[in-house]
Amino acid sequence: MSGENKSIHEFDFGLICEYFSGMERQGPGSPEVTVKALSFIDNLTKDSTMADIGCGTGGSTMVLAGHTTGEITGIDLFPDFIDIFNENSRRRNFQDRVRGIVGSMDNLPFQDEELDLIWSEGAIYNIGFERGLKEWRRFLKREGFIAVSEASWLTETRPEEIAGFWREAYPEIDTVANKVGQMQKAGYIPIAVFVLPENCWIEHFYVPQVMVQEKFLKKHAGNKAAEELVKNERHEAELYHKFKKFYGYVFYVGKKF
Ligand code: SAH
């Protein structure tokens, strides 16, 4: 890794987990956007089975649960997130149909053609957009849906400063048109594509972090790794403010073909 700004992947898991567990969501998004993406999906009943992959503490999953009646399994690598997830599910009285389990998106515990819907907000990048779309497809029933949000270039060209940042952070970032092409090639009919509004990044992601950062720095005073983590998050927020014309999160909704 070059330069002094680290990628989130290089930090201690425990610290990252603590930092993000104080937030409603662990990535850009909002309840309104979750509901909007869901509005393109028309095959759901109380017998449907759904998975939210890389669910974090369940910010998106609880919204999904409130607008559907079937069963939802949330899967995340971090046990602490799953504990909070299951607590959130109980608090909302969803515990009979919304369950969080610890697991990895590259080794999912589902049967072939088991799921009516695969959901994943701000998480598929961990396995890669193309790989995730291809590997998860077999778990969907015929004509089942997939809905994922993914960092994407909004314009054909962009300044080198932001291009360089993303080359380090996630080289698979690509234009919306190319991502739609990848979805089609992976065996889905592209049903809907929309750019997440700015409030998903600012009000729902970077603003809540300001308070988290203050508490976190106080608690870990003198801890270099904690200071670095906060510095990086602040740097990312600055980049977003400066370059938001050029990149964003985009929701991609597809139907298994
Ligand atoms: N979907 C949530 C969280 C997004 S952050 C939201 O929108 O709020 C990305 C999530 O992916 C984190 O919770 C992280 O723990 C999880 N993750 C990272 N690698 C993973 C893997 N291999 N398998 C499952 N989850 C993973």
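Analyst: Ala, Val, Leu, Ile, Met, Phe, Trp, Tyr, Cys and Pro count as nonpolar, Asp, Glu, Lys and Arg as charged, and the others, Gly among them, as polar. This is a predicted model, numbered from 1 along each chain as its sequence is written. Local features need pLDDT of at least 70 and side-chain atom pairs 80 or more, while totals for chains, interfaces and linings use all residues; side-chain values use heavy atoms, without hydrogens and water.

User: What makes up the shell around the ligand?

Analyst: Six nonpolar, eight polar and three charged residues. The ligand has 17 residues around it (a heavy atom within 4 Å). Gln26, Gly54, Asp76, Met105 and Glu121 are the closest.

User: Which backbone atom lies 2.8 Å from a ligand nitrogen?

Analyst: An N or O atom of Met105. This is a polar contact, because the pair is within 3.5 Å. The Ser104 side chain has an N or O atom 3.0 Å from a ligand nitrogen. The protein buries 91% of the 570 Å² that the ligand exposes alone (Shrake-Rupley, 1.4 Å probe).

User: Why is Thr34 called buried?

Analyst: Its relative accessible area is 0%, and buried means under 20% (exposed is over 50%, partly exposed in between; 1.4 Å probe, protein chains only). Thr34 sits in helix α2, residues 31-38 (a DSSP run of H or I, at least four residues). Beyond four places in sequence, its contacts (heavy atoms within 4.5 Å) include Trp119 and Glu121.

User: How do you know where Phe129, Gly132, Leu133 and Trp136 lie around α5?

Analyst: These residues are buried in α5, residues 129-136. They cover an arc of only 95 degrees (directions from helix axis to C-beta atoms), so they share the same side of α5. Their cover includes β1, β4 and α7.

Key: Polar contact = N/O pair within 3.5 Å; in protein donor to acceptor, adjacent residues only side chain to side chain. Helix = DSSP H or I, 4+ residues; strand = E, 2+ residues; numbered from the N terminus.
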